[in-house]
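User: Please take a close look at one strand of this model and at what surrounds it, and then set that part in the context of the rest of the structure. I would like one connected account rather than a list.

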Amino acid sequence: MSDAVRLENVWKVYGDGPSRAVVLKGVDLRVEYGELVVIMGPSGSGKSTLLGIIGTLDRPSTGRVYVAGVEVTSMDEDELAAFRLAHVGFVFQDHNLLRNFTALENVMYPMLLTRRYTYEEAKEKALELLRLVGLERVADRFPSQLSGGQRQRVAIARALANDPDIVLMDEPTGNLDIDSAAKVASLVKWLNQVYGQTFLIVTHNPELATLATRLLYIRGGRIYEKPPESVLSKKLVEEVRNSELRTRIRNSQLRLLEVELRALRRLVAQGRIPRCETEARLSLLRNRANKLLQVAARSGRDRLVIDSA
Amino acid sequence: MKLLGPALLFAVRDIKLRKFVSALTVLAIASGVASFTALRIVSTGTQLAARSVVSRVISGELLVYGEGLCDVSEFAVEELESLPAVSRAVPVVLAMGYMEGSLVFLLGVRPEDLDLAVARYIEGGGFGEDDYRVVIVEASFAEERGLSVGDIVIIKPQLGSTAYPYRIVGVADIGMRVQELSAVGTYAIVPLREAQAMLDREGYVTMVMLKLEDENLADYVREEVLSVYPRARVFSRREVMRAVFQVIALVDGLMLSVTLIGLTIAVFGTSSTIMSNVREHAREIAVMRALGAPVHHVAKVFLLEAAILGLLGGMLGLVLGIVGADFARKLVSSAGLFKVPLIIDPTVLALAFVLAVVSSQLSALYPVLKACRIKPMEVLRNE
C-alpha cells in the first residue's frame, strides 16, 4: 500500500534568539492509505503544528513532507491551496463551518471551488454526503441552527466533499458532549472501515485511541510508537529534587513564621486576643515549625528556634 | 454558482446578517452620492437659468453706466445710437420703491421700449406717451395680492416721502429683470418720465442698453463709447455672463468640496464596515483558505460585499439626489431667485453611480488586503 502521508526528518522552529521554540524535532511519519491513525499528546506537544504541516497550512523549517505521493514543501501558496482542495480534508475542533452558508452550501463549497462540478452536481453530491452522515433533513439549516454534534458531522461531510486522500482531524470531539462525541467517533470509524477513508486524528482524548488502526504518541515535538515516559511526572520529580528550590521555599517559610510569631506576641501583650485562640494559633505555628525542622534535619542544614509565646 | 456564486452568496448573506451596519454604510454612501447628484443637477439648471436670465436682462449686447447711480444724460442716448454698429439705444431708469407696502424694483422705460422690458402680457397691455400714473405689475405679485388691470396701487419711492396712486394697465412677466442676478424682488414698470420724476432726475437715466448689429462687434463699440465718454462704465453681455459663471463655478467648487468631504466620510465608513467584517470573519477566511480557496476568491468575497453596498448606496443616492435637487430648485424658485429647471443629465447620473461603486471598491482595498494576508494556521491555532 502506498503512503497517503510521509514526513521525513521534519523540524519546526518558531522565532529565534531567546524566543526560539523548537516545536517539532525531526519527526518521521508514514500514514498508509486506509489507515486511521490517532496521534495522542498533551497540549503544547506539537500535535496541531504537525497537523498544520501535513495539511500544508504550515511549512516545516527543515525536512520533507509528501502528501498523496507529492512533495509539498516546495509549492507556493496558490499551488498549496489548489493541492489542499484536491487532496486534503480538514475537520477542526470547533467545526468551523461558514456561518453564512447552510449545511448543504457548506458541503457544496469545496466542490464549487474546484470548478469540476456544476451547481446541480455539487448539490446532488452534497446531499448524498449529508445523507451519509445522517443529516439530510437539516441540509437547509444554518450552522447556528444545528447542535454541536450535527455541526461536526457537517464538517466531516464537507471534508469528504472532494474525495480527499486524507482527512485530518484536530480534536474532533473536543467541544462535544459524550453522546455527540460517540456519534462523531462512530461515524469516523465507520467511514474508515466501510468507506476506506484515510484519517489522521490528533487528540489528547484517550477514548479516541480505541478508534485507531494505529496509535502514535507525540511528546515534546517527537513521535513515539509506544507511550513515552510521562513528561509531567518526570518534570515533577526533577522539580521536587531541586535543592536550591527547596532551600528557597524553606527560607520563605521561616520568614513567614517569624512575622506570624511577632504579630501574635504583640496581640498577646496588648490583650487583644482570647487565650483559646492564642493556643490554637500557637499549635498551628508549632506544627509548621516542626515540619520545617524535620526537613532541615533530613538535609542537615538550617536550625530553627521558636520562642515560646 | 461557480466560483463567483459562493462569493456572491457569502457577501449577500453577510449584508443580510448585519442589516443595521450595512444600512448605515449604504446611507453613508447614499448621502455622498445624493449630495453629488443634487449639486450637479442644481448646478446644471442654475447655469442654464443664469444664461437665460443674462440674455433676458441684457437685452442689448452692451450696458453703458455713468459714474453715479442715475447720471447718464438723455442726450447721450441719441449720440450712442448714432455710433457705428449700434442698432438701438434704450434708456432705462432703475429705482427702488414701495408698492402696496412691499419693496419693489421700479423700472422706468419708454413706451417704445416695452417690447424689451416685458416678456409676456398676462392681462392688459403696455402704456403710451400720454398715459400718466400707470404701471405694469409683475404677474406673481398681482396674483399674490389679487390685483388686476384697472386696480389702483400706491407707489412710493424709497428715498421720498410722497406716495402716489398708480393705475394698473398691464399684468405681465417681466423680461428686463436687471437686478435678478443679485437680488430677490418684484418688478414694476412705469413710464421713463415718471421714474425720473420719482428720483428727481429729469433728463437722466441709470443706464443705456445698446443693441448691436453684430454681437462680435461688442469690443469695438465699447472702445467707441469710451472714446466719447471716457468715464463711462461699459459692460458687455459676454462679460456679465463670464462673471456670473465665475460666481457659479466658485459656489460649485465650494459645494463640491463639501460633497467630497461627504464622499470621503462614506469611503471611511465603508472601509470600517468591511474591515470589521474581515475581523469578524477572520476564522472563516482561515477556514476558506484551509479548504483550498485561492486568495483571489477571498478578495472577491469582500470586494463583492463592498460593491453591493456601493450599488445600493449609489441607487439610493441617485433617488435622494434627484429628490433633493428638485427640492432645492423649488426652494430657489419660491425665494424669487432663478427659476431653475430640473435637468437630469444621464452623464451626471452615470458619474454618480460610478463614483459610488468606485469609492466603495477603493474603501475595500485595505480590508481586502488584510483578509488576503490572513494565515490560516495562525488563526486556527488559536482555537
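Analyst: Two strands are taken to pair if DSSP finds at least two bridges between them. Strand 6 of chain B and strand 9 (residues 186–191) of chain B are joined by two bridges, and they pair in the antiparallel sense. This is a predicted model, and what follows should be read in that light. Within the pairing, V137(B) has A188(B) as its bridge partner in strand 9 of chain B.

Strand 6 of chain B also pairs with strand 8 (residues 164–174) of chain B, in this case running parallel and joined by five bridges, and here V135(B) has I168(B) as its partner in strand 8. As for burial, four of the five residues of strand 6 of chain B (residues 134–138) are buried, so this strand is largely enclosed by the rest of the structure.

That strand belongs to a chain whose secondary structure comes to 12 helices and 12 strands. Chain B has 383 residues, of which 43% count as buried, and among its contacts with a separation of 6 or more, 82% are between residues 24 or more positions apart.

V33(B), which lies in helix 2 (residues 19–57) of chain B, gives an example of such a contact between distant parts of the sequence. Its C-alpha atom is 6.6 Å from that of L318(B), although 285 residues separate the two along the chain. Apart from neighbours within four places in sequence, V33(B) is in contact with residues that include G313(B), G317(B), L318(B), A352(B) and A356(B). A residue is called buried if 20 or more other C-beta atoms lie within 10 Å of its own, and V33(B) is buried because 32 other C-beta atoms lie within that distance.

Among the helices of chain B, helix 8 (residues 237–280) can be followed through two packing contacts. With helix 11 (residues 346–372) of chain B, the angle is about 30° and the axes are 8 Å apart, which means that helix 8 of chain B is roughly parallel to helix 11 of chain B. The crossing of these two helices is right-handed. On the side of helix 8 of chain B the contact includes L263(B), V267(B), I274(B) and V278(B), which, with others, meet residues of helix 11 of chain B including L362(B), Y366(B), P367(B) and K370(B). The residues of this contact divide into 11 nonpolar, five polar and one charged.

Helix 8 of chain B also meets helix 10 (residues 295–334) of chain B, where the axes come within 11 Å and cross at roughly 145°, again in a right-handed crossing. Here T270(B), I274(B), N277(B) and V278(B) of helix 8 meet F302(B), E305(B), A306(B) and L309(B) of helix 10, and the residues of this contact comprise five nonpolar, two polar and one charged.

Chain B also touches chain A, with 25 residues of chain B in contact with 24 residues of chain A. On the side of chain A, helix 1 (47–54), helix 2 (77–87) and helix 3 (103–114) each supply at least two residues, and that side as a whole is made up of 12 nonpolar, five polar and seven charged residues. In helix 2 of chain A, A81(A), R84(A), L85(A) and H87(A) are buried, and the buried residues of this helix pack against strand 4, strand 6 (88–91) and helix 3 of chain A, together with helix 9 (282–291) of chain B.

Strand 4 of chain A in turn belongs to an open sheet of four strands in the order 2-1-4-5, with antiparallel pairing. Strand 2 and strand 5 (70–71) of chain A are at the edges with a single partner strand each, so one side of each has no neighbour in the sheet. Strand 1 (residues 3–14) of chain A is joined by eight bridges to strand 2 (residues 21–32) of chain A, and L7(A) has L29(A) as its bridge partner there. In this hairpin, with six residues between the strands, G15(A) has a positive phi near 70°. Strand 1 of chain A also pairs with strand 4 (residues 62–67) of chain A over five bridges in the antiparallel sense, and in that strand V67(A) stands opposite V5(A), while T62(A) stands opposite W11(A).

Note on methods:
Residues numbered from 1 in each chain as written. Chains lettered and ligands numbered in written order. Predicted model: local features only at pLDDT ≥ 70, side-chain atom pairs only at ≥ 80, totals over all residues. Axes fitted to C-alpha atoms, helices over the stretch in contact; angles between N-to-C directions. Parallel < 35°, antiparallel > 145°, perpendicular 65-115°, else oblique. Left-handed = near helix turned anticlockwise from the far one by under 90°. Contact = placed C-beta atoms within 7 Å. Nonpolar A, V, L, I, M, F, W, Y, C, P; charged D, E, K, R; others polar. Buried ≥ 20, exposed ≤ 12 C-beta atoms within 10 Å, placed from the backbone.
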